[in-house]
Amino acid sequence: MERIQILVERLVEACGITGQTVSVITHVVLVIIAFLLAAAAGWICKKLLVPAVLKVTSKTDAKWDDVVLNEKVLLSACSIVPAVVIWQLLPWTFFDFPSVREVLARLTAIYITVMSVRTAFVFIDSFKLLENGPRTARQQYLYSVCGVLKIIMAFIAVIVVFAIIVNKDPSTLFAGLGAASAILMLAFQDTIKGLVAGIRLTNNDMLHIGDWITVPSAGINGRVEDINLTTVKVRNFDNTIVTVTPQTLVDGSFQNWLGMEQNEGRKQSRKMYFDFRSIRLDDDGIANITKFRQHIEQWLKDNPKVIADKNPLVRHAEASQGGCCIEFTFWLYSQAWADFEHDTADIMEYIYASSADFGLTIYQQFPEQ
């Protein structure tokens, strides 16, 4: 490097330039050379090194290397290389301007720190690409830990940048954080609570990406789209987005429809009340409501919308002032909300209409005139 510096000075002097101007022009030329070298290093990384790495990872059978060493991670890492080259060449470039060299060195160090943390963030986020289908408990636990790791790295980066600005050793600043631990705990209490709540949700296998959950108190009735340290994002059936904290789900209660979706069919249970005065014995000595129950139960078993293997049941429930209560319990093949409700309506409408054929009167209260 010193030979290049001397060569540049001689070339400037050979042009007939003398005095202080020689030093200024020499520094300008050296700055241009440094930027050209930095640009060349960045170009080599992006145009030669990155394609070579991607080509190697694409030929392997493993999937993790395609994810961990993806293009975003490599390009983010390449953005650090020019700054490293500049940082190394600063003592040689501004040899006659120590104050300028010091300021530029600090700025370059701050840039390297920030871009290194950014690259680490991209690297951590790349683990999301390994997910295939609903996130398992182990994946969610790793996801939560990665979120905490990003926060810790960001905090360390802030300390390092501050140390560079004030020209202090970062280790001395970290040593002084012990007294401020209570403030840090207060500042990150939501994150800590979110981590603990997320671990409870995943270890107990309570929630996954893609689950349909219902939380009436929070206006949630939809599918989980994302789970992180601080929020659980749910897309409702009307495409509205609702977010709650994991702590809210742990402290309260929520309904997860995963079991229903994994099972064959969906259960439905409805009740009807009949006027006691319409119940009578037919000529064969069998009550009309008995024939009605037997008919509906057999009709449900023969209905193609009903799962016959799950034994549809028509039974007497506890009577009340509303009349004789008959409960209908059956399983439908349809699980989607609209189809399920439509099939239920078709069945109940048939039951309403057929009750009159058996001489039964459905109880209802008429408004006072």
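Let me begin with Gln-268, which lies in strand β6, residues 266-274. I should say at once that this is a predicted model. Is Gln-268 buried or exposed? Its relative accessible area is 10%, and because the cut-off for burial is under 20%, Gln-268 counts as buried. Its side chain is not without a polar partner: it makes a polar contact with the side chain of Thr-344, at 3.4 Å. Setting aside neighbours within four places in sequence, Gln-268 is in contact with Phe-328, Thr-329, Phe-330, Phe-340 and Thr-344.

That brings us to the partner. Thr-344 lies in helix α14, and with a relative accessible area of 1% Thr-344 is buried as well. Again leaving aside neighbours within four places in sequence, Thr-344 is in contact with Gln-268, Arg-270 and Leu-332. The side-chain pair of Gln-268 and Thr-344 thus joins a residue of strand β6 to a residue of helix α14.

Helix α14 also packs against another helix. The axes of α13, residues 288-302, and α14, residues 337-355, come within 11 Å and cross at roughly 150°. As angles over 145 degrees count as roughly antiparallel, α13 is roughly antiparallel to α14. The crossing of these two helices is right-handed. Which residues make the contact? From α13 they are Phe-292, His-295, Ile-296, Trp-299 and Leu-300, and from α14 they are Ile-347, Tyr-350, Ile-351, Ser-354 and Ser-355. By class, seven of these residues are nonpolar, three are polar and none is charged.

A second helix pair may be set beside this one. Helix α5, residues 81-93, and helix α6, residues 98-125, have axes that come within 10 Å and cross at roughly 160°. These helices, too, are therefore roughly antiparallel to each other. Here, however, the crossing is left-handed. On the α5 side the contact is made by Ala-83, Val-84, Ile-86, Trp-87, Leu-90 and Pro-91; on the α6 side, by Arg-101, Leu-104, Ala-105, Thr-108, Ala-109, Tyr-111 and Ile-112. The division in this case is eleven nonpolar, one polar and one charged.

Earlier in the chain there is helix α4, residues 71-78, in which Val-73, Leu-74, Ser-76 and Cys-78 are buried. What caps the N-terminal end of α4? That role falls to Asn-70, with a side-chain oxygen 3.0 Å from the backbone nitrogen of Lys-72.

Next, the backbone. Most residues other than glycine have a negative phi. Two asparagines deserve attention in this respect. Asn-239 has a positive phi of about 70° although it is not a glycine. Asn-239 is found in the loop between β3, residues 232-236, and β4, residues 241-244, and at 54% relative accessibility it counts as exposed. Asn-311 likewise has a positive phi, near 55°. Where does Asn-311 lie? It is in the loop between α13 and β7, the latter being residues 313-316. Asn-311 is exposed, with a relative accessible area of 55%.

I close with the chain as a whole. Its secondary structure comes to 14 helices and eight strands. Of its 369 residues, 33% count as buried. Among contacts with a separation of 6 or more, residues 24 or more positions apart account for 62%. The contact between Gln-268 and Thr-344, with which I began, joins two residues that are both buried.

Notes
Residues numbered from 1 in each chain as written. Predicted model: local features only at pLDDT ≥ 70, side-chain atom pairs only at ≥ 80, totals over all residues. Heavy atoms only, no water. Axes fitted to C-alpha atoms, helices over the stretch in contact; angles between N-to-C directions. Helix = DSSP H or I, 4+ residues; strand = E, 2+ residues; numbered from the N terminus. Parallel < 35°, antiparallel > 145°, perpendicular 65-115°, else oblique. Left-handed = near helix turned anticlockwise from the far one by under 90°. Contact = heavy atoms within 4.5 Å. Nonpolar A, V, L, I, M, F, W, Y, C, P; charged D, E, K, R; others polar. Buried < 20%, exposed > 50% of the residue type's maximum accessible area, 1.4 Å probe, protein only. Polar contact = N/O pair within 3.5 Å; in protein donor to acceptor, adjacent residues only side chain to side chain.
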